[in-house]
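This report looks at enclosed space, open pockets and packing in one protein model. Please keep the structure in view while reading.

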Amino acid sequence: MRTLDQLLRASADPTQPLLTYYDMATGERVELSTVTTANWVAKTSNFLVDELEVEPGARIRIGLPSHWLTAVWILSAWNVGAAVVDSHADIGLSGPDLVADEPVRVAASLRPLGGRFATPPEGFLDLGAEVPGHGDHFVALDPPEPSSLALELDGVARTHAELLAQVAPDASRRVVEPGPIARDAEMLVAACLGGGSLVVVASATPEQISRVAAQEGGRPD
């Protein structure tokens, strides 16, 4: 594998779970297989290219907590040749707090199933209203190169080739709490490369995390 846009195509069994998200405060549980993840990534990639006119080299700041949509946007950025960054971005993705100052601002309500805001967010495109109507298939006219920038976070820049070389494949089912986006990106790459999966558990006590790990057959970090 030479570039990160190929990650989802590497799955030996795309029907198996890739990412499971729990929010213990709301009772939400979302499970995405590789097939379902690829569907969301295709829709988001088409939205980025068709609506936001994203070109290779664009910089996207993902201002979301660890969430299934965070994973979708990381993969979508790489799919269209954009980089995930934490500064000097062209596009800012915010959660329901509506915090972004980029030229183009998109917001996710973080409601279950990617639902739209109850009231349109002023000054932002509503991800839940914009993305679902886009196509389920995406073909990049100008796909990324191994030398394309993939991540620039906390002052560290890594290309597609560097990230693939630095991350070891992981076949386990990892159960984790929310964390930094650089960690989320690395775990996502590791799971895709190794045939593993991730279970993200938000707003949880240690006892709840242990219980989820036992239910999901996962390994808590």
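## Basis

Helices, taken as H or I runs of at least four residues, and strands, taken as E runs of at least two, are DSSP runs numbered from the N terminus. The model is predicted.

## The cavity

How many cavities of 30 Å³ or more are there? The count comes to one. The space in this largest cavity is about 90 Å³.

Which elements give two or more residues to its lining? They are helix 2 (68-79), helix 5 (181-194) and strand 11 (197-202). Helix 5 has the largest share, with four residues. Among the lining residues are Arg-183, Asp-184, Met-187 and Leu-188. Thr-70, Ala-71 and Ile-74 also line the cavity, as do Leu-198 and Val-200. Leu-19, Ser-66 and His-67 complete the list. By class, seven lining residues are nonpolar, three are polar and two are charged.

## Helix 5

Helix 5 has 14 residues, and at 1.5 Å a residue it should span 20 Å. Its end C-alpha atoms are 20 Å apart, so the expected span and the model agree.

Is helix 5 largely enclosed or not? Buried here means under 20% relative accessible area. Of the 14 residues, 10 are buried, so helix 5 is largely enclosed by the rest of the structure. Asp-184, Met-187 and Leu-188 are among the buried residues, and these three also line the largest cavity. Other buried positions include Ile-181, Ala-182, Ala-185 and Val-189. Ala-190, Ala-191 and Cys-192 are buried too. After helix 5 comes Gly-195, with a positive phi near 75°.

## The pockets

The largest pocket holds about 400 Å³ of space. Its lining has 19 residues. Which of them lie nearest its centre? They are Arg-9, Ala-38, Ala-42, Asn-79 and Phe-138. Helix 1 (34-51) and helix 2 each supply at least two lining residues. Helix 1 gives the most, with six. The lining divides into 12 nonpolar, four polar and three charged residues.

The second largest pocket has a volume of about 170 Å³. Phe-138 is one of its lining residues, and Phe-138 is also among those nearest the centre of the largest pocket. Val-139, Ala-140, Leu-141 and Asp-142 line the second largest pocket as well. So do Asn-46, Val-49 and Asp-50, along with Val-54, Glu-55, Pro-56 and Val-80. Eight of these lining residues are nonpolar, one is polar and three are charged.

## Nonpolar cores

The largest nonpolar core has 55 residues. Which members touch the most others? They are Ile-62, Trp-68, Trp-73 and Trp-78. Apart from this core lies another, of eight residues, including Val-201, Ala-204, Val-212 and Ala-213.

Leaving out residues up to four places away in sequence, Trp-73 touches Thr-44, Phe-47, Leu-48 and Ile-60. Its other contacts on that basis are Ile-62, Leu-93, Val-106 and Leu-127.

## Ser-76

Ser-76 lies in helix 2. Is Ser-76 buried or exposed? Its relative accessible area is 0%, so Ser-76 is buried. Beyond its neighbours within four places in sequence, Ser-76 is in contact with Val-41, Thr-44, Ser-45 and Leu-48. Thr-44 and Leu-48 are also touched by Trp-73.

Note on methods:
Residues are numbered from 1 along each chain as its sequence is written. This is a predicted model: local features need pLDDT of at least 70, side-chain atom pairs count only at pLDDT 80 or more; totals for chains, interfaces and linings use all residues. Side-chain values use heavy atoms; hydrogens and water are left out. On a 1 Å grid over the protein atoms alone, a cavity is a set of points where a 1.4 Å probe fits but cannot get out, and a pocket is an open set with protein on both sides within 12 Å along at least five of seven lines; lining residues have an atom within 4 Å of a point. Grid points are joined across faces, edges and corners, and a volume is the space filled by probe spheres set on the points. Ala, Val, Leu, Ile, Met, Phe, Trp, Tyr, Cys and Pro count as nonpolar, Asp, Glu, Lys and Arg as charged, and the others, Gly among them, as polar. The expected span of a helix is 1.5 Å times one less than its number of residues. Buried means under 20% relative accessible area, exposed over 50%, partly exposed in between (1.4 Å probe, protein chains only). A nonpolar core is a set of buried Ala, Val, Leu, Ile, Met, Phe, Trp, Tyr and Cys residues joined through side-chain atoms within 4.5 Å. Contact means heavy atoms within 4.5 Å.
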